[in-house]
2 protein chains.
Amino acid sequence: MSEKVTALQVAQRAGVSQSAVSRVFTPGASVSQKMATKVRDAAEELGYRPNILARAMVSGRSRIVGFVVAYLDNYFYPEAIEKLSNAMQAEGYHVLMFMASQTTGNIDDVVDEILDYQIDGLIFASVAMSSTIVARCQAAGVPMILFNRRQDMEGVSSITSDNFAGGRKVGEYLITCGHRRIGYIAGWEGASTQRDREAGLMAALTAHDIPLFAREVGNFRKEGAIEATRAMFDVPANQRPDAVFVANDHMAFFVLDTLRHELGLKVPDDVAVVGYDDVPPAAWPAYDLTTVRQRSNTMVQETVDTFIRQIEEPEDFRPRQVAIDGPLIIRGSSHSLPSKGKAQTNAGI
Amino acid sequence: MSEKVTALQVAQRAGVSQSAVSRVFTPGASVSQKMATKVRDAAEELGYRPNILARAMVSGRSRIVGFVVAYLDNYFYPEAIEKLSNAMQAEGYHVLMFMASQTTGNIDDVVDEILDYQIDGLIFASVAMSSTIVARCQAAGVPMILFNRRQDMEGVSSITSDNFAGGRKVGEYLITCGHRRIGYIAGWEGASTQRDREAGLMAALTAHDIPLFAREVGNFRKEGAIEATRAMFDVPANQRPDAVFVANDHMAFFVLDTLRHELGLKVPDDVAVVGYDDVPPAAWPAYDLTTVRQRSNTMVQETVDTFIRQIEEPEDFRPRQVAIDGPLIIRGSSHSLPSKGKAQTNAGI
DNA sequence: ATGAAAGCGCTAACAA
DNA sequence: TTGTTAGCGCTTTCAT
């Protein structure tokens, strides 16, 4: 009933000192069994719970981690947030969310706001870092982790899928299927995911002496994807790619829709489509999209591990760059392997 | 560079008292122009920013609001979270996220954890409240708001779309289109959204003396939706509904996929499908789903308003039950109005 | 308008 | 093992 129950009140009721109460609620402190029960009983009766903020002030650890995220319309992130939040909760931390979306002007300002909360760590999901941010966080002694982005900066860890390997897998696969006119629809070129995926694709093509047949930029956005598709496919049939790798699933859905419903092309017979991420709708029958899976469970686990390690042993911690391999999931938007007699429609270079 | 810059250090550098620094950073405090610039300069040079946690301790306001959410696989929520987070940031608050998903056992425990952070308010998105929770929050003096759920409980505000009106609109619309064999696939029956939408549909049917032709429960889940669809449509053609209202879009996508790809039915010619929410994929050509729009912008704005009002004037605040009207968005999964010559395929009761 | 002093609820030495 | 004593960084009377 009372507005706020303090440790002092519990102490008085139990007839002990306030520090005794503190110790009982501090895992691994030295308290006798008797003391523990006495205090816990009193706490129970009063409905006492420790004030995390007060604890944070004196201990220097708030058990809050900041999470900065930009594109919630890419359905990879809701899933990631959910898993990350759960994993953090399991470790006794909680996630303070910060949107760095279009409306919010400057990310640097957002970071300043976050740091005001004395957070224990900061996770950036698909957000570009500036050296200002890094400097600020380092000055504040706050560990930084890039989630689903890689950036070569001093002292910053990053967790991604192995985008280069993934891109190469797609390239090898399309080539094995018999495709020789392969197009690529790029994401935002400032993103490492985009660059690495494209580099992987190019590595595969180069290894087989096949040139990239067409390229457009979709910037990871709906409108960008639609326009890129028109630019690439609204041309005479003999100038069209027979396969297209789209830098992520979110764009690939709009590519598929535009190909089928606007341009009247058949997938995969006229053109095979491959995405990247394996977000849930990729498995929905309406899309049935071949794609490279990002293992979000593993990525989240590595993120949490990295964070915890850095918190527990700040001294001998070295920033890590983790790239997690993910499988190619072959579905109906492309031909199945082995590729005997596939992709003839537009084949024959 | 220094680990932590305090108000005291700024005060010393500016040659003023610590309280002066505090006042300069407190909007609406009385400080001379001269003092303000002097302090701000010193703060700037030192890179000082007020510690929100310390402020929270003494002021009793943390400027953190808790957000408890369960189903992130329903794409209504990512959007809502993004907007809510942005709106709260604009008001100087930040969102501490708590997943109450399958893995997390008890919601009551989650709420206890949240309260430990001395949050200023608690928003529940599609989470069932218990009287225990309400009691705890009230004891702690924490305002509660139900987002997208309605529940008759003392002292709890709720913000929803007008689900009853929405359900009725769907009913009226389907009847006007000429449908007389209308089925309903229900969500989780513990949810007010489910109950209200169904009640609205029934009100429309009853007004026209049309019985509900079929009913299954999908529990707002993928598997539930698929099984409900089979149960309702994997029967002789003359026992099939000619239209089905699905309690939300998330399920409707699986209903559509199952109808088309598994059962080989044509939408809307064999059966019209209507959903609820108007999440982004509903507008994607592959689904093109007729649905009732939930105005998430308005819902978020009402949520923030309600929260702010209760914070600022706790005395004369009365919990509000807000239901926001949303339009029926007619797309290709159903027939367009006026209904001349539509729905003949299975029509004629 | 400004400064001094008290204290928010807790943890962390230090004694006992 | 337990109690005593200082603060953590800030806001807030109360004087001036």
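## Two protein chains on two DNA strands

H4(A) gives the most to the surface near DNA strand C, with five residues. This is a predicted model: local features need pLDDT of at least 70, side-chain atom pairs count only at pLDDT 80 or more, and totals for chains, interfaces and linings use all residues. Residues are numbered from 1 along each chain as its sequence is written, while chains are lettered from A and ligands numbered from 1 in the order in which they are written.

**Strand C.** 27 residues surround DNA strand C. Near means that the C-beta atom, placed from the backbone, lies within 6 Å of the strand. The elements giving two or more residues here are H2 (18-24) and H4 (52-59) of chain A, with H2 (18-24), H3 (33-46) and H4 (52-59) of chain B. Helices are DSSP runs (H or I, at least four residues), numbered from the N terminus.

**Strand D.** Here H4(B) gives the most, again with five residues. H2, H3 (33-46) and H4 of chain A, plus H2 and H4 of chain B, each supply at least two residues.

| Strand | Surrounding residues | Closest residues |
|---|---|---|
| DNA strand C | 27 residues | A:Ala7, A:Ser19, A:Ser22, B:Ser30, B:Met35 |
| DNA strand D | 27 residues | A:Met35, A:Val58, B:Ala7, B:Ser19, B:Ser22 |

**The two copies.** A rotation of 180° with 0.0 Å of shift along its axis superposes chain B on chain A, with RMSD 0.1 Å. The fit is by least squares on C-alpha atoms of residues with pLDDT of at least 70 in both. The copies are thus related as by a two-fold rotation axis. In chain B, the C-alpha of B:Leu96 comes closest to that axis, at 2.2 Å.
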